[in-house]
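Open the model in your viewer and keep the sequence panel beside it. Each stop below gives a selection to make and then says what is there.

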Amino acid sequence: RAREPGRERRERAPVAGRPDPSVPPSGVSCSGCGAELQCCDGAAPGFMPAEKYRSLTEGPEGAAGLRGAVCQRCWLLTYHSQALRLQLPPEQHRQVVSAALRSPARHGRGPLLLYILDVLELPDPVLPQLLELLAPDVPAAGLLVVGNKVDLLPADSPGHLGRLRQRLAEACAQAGLRGAPLVDIRLVSAKTGFGLEGLVSRLQRSWKCAGDVYLLGATNSGKSTLFNALLSSDYCKSRAPDIIDRATVSSWPGTTLNLLKFPIINPTCDRIFRRQERLKEEATKTEDELSSEEKKYLNHLKKQGYFVGEVGRTFQRPKSSQVIDFDPDTLSYSTDEDPGHSTTKRKEREEFTYNEVKDARWCFDTPGIVKENCVLNLLTEKEVKLVLPTHAIVPRTFILKPGTVLFLGALGRVDYLQGEKSAWFSVVASNLLPVHIATLSNADAVYEKHAGQVLLKVPMGGEERMKEFPPLVPQDITLKGIGTTEAVADIKLSSAGWVAVTAHAEEELLLRAYTPKGTMVVVREPPLLPYISTIRGARIPGTAAYRTKKPPAIVQNLRTTGRR
């Protein structure tokens with residue numbers, strides 16, 4: 001999507017450091033995003049300031065001295081939470097993925113596709129395009145669909161995970177993948193570890209080490225987070241976490257620019273047995289039996305998600321204690337200066353031996369496919385952080401009469417135009433995105449006055465920001481209620497979140513939903529969480545709102561009592 005002139009200057013950090021056009025690209029990939037490291041073009045992927053580049057390549061190793069280094073973009077994303085502007089069209093992400101999938105089959109068979117799907121984004125916009133990325137003469141040997149980010153959604157009723165899994169199966173069928181060799185559908189949280197041990201076991205049981213595995217999906221689906229989690233699991237070779245660097249993870253869409261990979265371990269019978277023994281032993285523990293560090297980390301995850309798990313490792317080498325030599329010059333590198341030349345001798349980097357990887361099967365992280373008609377494409381870096389949920393979503397429910405309007409920031413709006421009775425509107429969106437209730441008669445004035453300001457929060461930047469932001473466009477929606485405890489549909493306001501509508505049985509509602517021009521309103525029937533309106537506290541007197549309620553977190557693979 002084309003961006004307005006001057007827009008990039010506000011939302012992304014400027015290039016820091018000087019380029020040197022005379023130095024050719026290195027042929028070495030950034031360990032964070034996969035782009036080829038270079039110092040000749042500050043606007044191209046893989047850029048590293050020339051002084052830093054030379055300090056790493058002037059030694060006897062030459063370009064090999066760049067192994068394990070990250071480009072300036074990954075550095076800024078990781079340590080300063082800033083996105084560097086790049087001249088990279090969205091189509092290039094798709095081309096990288098398609099070229100990888102169309103390469104000749106290795107080991108006599110096609111790859112296993114591990115499609116990562118953000119459950120909040122159902123129906124997934126990229127899933128129907130999956131078959132177009134494959135070559136007819138190199139078919140995939142299997143497809144495993146992974147519904148990610150389940151930790152962000154509360155359980156609205158018993159068995160809700162089974163219902164989510166069914167929704168994923170229906171999405172696969174609607175996307176035309178019914179005839180594809182679908183291995184399984186799994187629900188996980190790559191961030192909190194929920195479901196990951198089960199995913200590893202499924203991969204080792206069904207796929208073993210038969211061929212390569214590709215992680216695919218739309219931007220912000222959590223592919224790189226899952227890649228890092230698998231790198232710390234029993235799915236990779238035991239030495240891989242000491243040799244392979246973790247992928248850069250950011251809320252900014254399109255962080256990964258090229259292929260990243262780690263070698264898959266061969267799940268022999270002995271390894272499978274030892275892994276199962278570890279899992280059985282860990283399943284007998286209670287929270288009281290965890291170490292203080294484990295408890296602290298578990299409580300940290302509980303605050304972030306509703307569903308928490310643990311990813312352990314059965315096969316790892318004991319680490320020898322080492323003296324850490326800190327280099328203050330390197331640590332003092334800031335965003336507006338080149339990293340200084342370090343005189344400290346660099347630690348020799350571990351590498352795989354030839355025999356370790358000569359017949360290896362690899363797990364690849366690929367660039368995310370950019371979603372079209374997505375509101376995130378219109379937002380600045382700071383706005384994306386407010387809109388994309390990173391912690392457990394606390395539903396916010398309101399009881400509205402006809403003639404009432406619900407604003408979701410200034411990114412979406414739902415008008416209740418006609419109906420006989422009040423209805424319940426439950427907002428499922430980032431906790432940082434404000435909800436504002438207004439009357440239909442003054443809704444336009446509220447938007448005109450507060451869009452870009454503190455009340456509606458996103459977009460931010462006042463009148464100047466709103467001059468270039470697309471206007472909200474309407475879509476009329478008619479719904480018929482099915483009961484006061486079960487939502488009839490979700491009104492999905494692009495990627496900003498959704499509003500679940502609950503109404504009296506047989507009650508007809510006329511609604512009008514707005515999103516920015518160029519984005520989409522999706523009416524999701526049946527709703528993803530049909531009983532979401534029941535997760536609420538008492539009505540707040542004098543308002544349309546109910547007090548919020550946050551259900552407790554569920555921890556996987558731990559006993560709930562201290563008795564054995």
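The tour goes from confidence to a sheet, then to a helix, and ends with some loops.

**Stop 1: confidence**

Colour the chain by pLDDT before anything else. This is a predicted model. The protein averages a pLDDT of 83, and 83% of the residues score at least 70. Now select residues 1-12. The pLDDT there is below 50, and the stretch has 34 contacts in the model beyond near neighbours in sequence. Select residues 320-346 next. Here too pLDDT stays under 50, and the model has 35 contacts for this stretch beyond four places in sequence.

**Stop 2: the five-stranded sheet**

Show the cartoon and find the open sheet of five strands. Reading across, the order is E8-E11-E15-E14-E17, and the pairing is antiparallel. Select 396-400 for strand E8 and 521-524 for strand E17. These two stand at the edges. Each has a single partner strand, so one side of each is left without a neighbour in the sheet. Turn the view to follow the twist, which averages 20 degrees from one strand to the next.

**Stop 3: across the sheet, pair by pair**

Start at the E8 edge. Add residues 423-428, which make up strand E11. E8 and E11 pair in the antiparallel sense over five bridges. Label Phe-398 and look across to E11, where its bridge partner is Phe-425.

Move on to E15. Five bridges join E11 to E15, and the two run antiparallel. Label Trp-424 and find its bridge partner in E15, Thr-502.

Continue to strand E14, residues 489-493. E14 and E15 pair in the antiparallel sense over four bridges. Asp-490 stands opposite Ala-500 in E15. E14 and E15 also form a hairpin, with four residues between them. Zoom in on Ser-494 in that turn, which has a positive phi of about 55 degrees.

**Stop 4: strand E15 by itself**

Select residues 498-502 and show the side chains. How many of the five residues of E15 are buried? Five of the five are. Both faces of the strand are covered. Trp-498, Ala-500 and Thr-502 are buried on one side, and Val-499 and Val-501 are buried on the other.

**Stop 5: the loop after E11**

Select Ala-429, in the loop between E11 and strand E12 (435-439). Is Ala-429 buried or exposed? Its relative accessibility is 2%, so Ala-429 counts as buried. Show what surrounds it. Leaving out residues up to four places away in sequence, Ala-429 touches Ile-393, Arg-396, Leu-408, Ala-496 and Gly-497. Then draw a distance to Leu-153. Ala-429 and Leu-153 are 276 residues apart in sequence, but 9.8 Å apart in space from C-alpha to C-alpha.

**Stop 6: helix H9**

Select residues 269-283. This is helix H9, with 15 residues. From first C-alpha to last, H9 reaches 21 Å, close to the 21 Å expected at 1.5 Å a residue. Show Arg-275, Arg-278, Leu-279 and Glu-282, the buried residues of H9. Now look down the axis. The buried residues of H9 fall within an arc of 95 degrees, so they line one face of the helix. What do they pack against? Select 196-206: the buried residues of H9 pack against helix H6. Rotate to the face turned away from the buried side of H9. It carries the exposed residues Cys-269, Phe-273, Lys-280 and Glu-281.

**Stop 7: two cis peptide bonds**

Go to Leu-122 and Pro-123. The peptide bond between them is cis, with omega near -5 degrees. Pro-123 lies in the loop between strand E1 (112-118) and strand E2 (142-148). Then jump to Glu-525 and Pro-526, which are also joined by a cis peptide bond, with omega about -5 degrees. Pro-526 lies in the loop between E17 and strand E18 (554-555).

**Stop 8: two asparagines with positive phi**

Select Asn-373, in the loop between strand E7 (362-365) and helix H13 (381-387). Asn-373 has a positive phi of about 55 degrees although it is not a glycine. Its relative accessible area is 39%, so Asn-373 is partly exposed. Finish at Asn-557, in the segment after E18. Phi of Asn-557 is near 65 degrees, a positive value in a residue other than glycine. Asn-557 counts as partly exposed, at 39% relative accessibility.

Conventions: Residues are numbered from 1 along each chain as its sequence is written. This is a predicted model: local features need pLDDT of at least 70, side-chain atom pairs count only at pLDDT 80 or more; totals for chains, interfaces and linings use all residues. Side-chain values use heavy atoms; hydrogens and water are left out. pLDDT is the predictor's confidence in each residue, from 0 to 100. Contact means heavy atoms within 4.5 Å. Two strands pair if DSSP finds at least two bridges between them. Axes are lines fitted to C-alpha atoms, for helices over the stretch in contact, and angles run from 0 to 180 degrees between N-to-C directions. The expected span of a helix is 1.5 Å times one less than its number of residues. Buried means under 20% relative accessible area, exposed over 50%, partly exposed in between (1.4 Å probe, protein chains only). The arc is that of the directions from the helix axis to the C-beta atoms.
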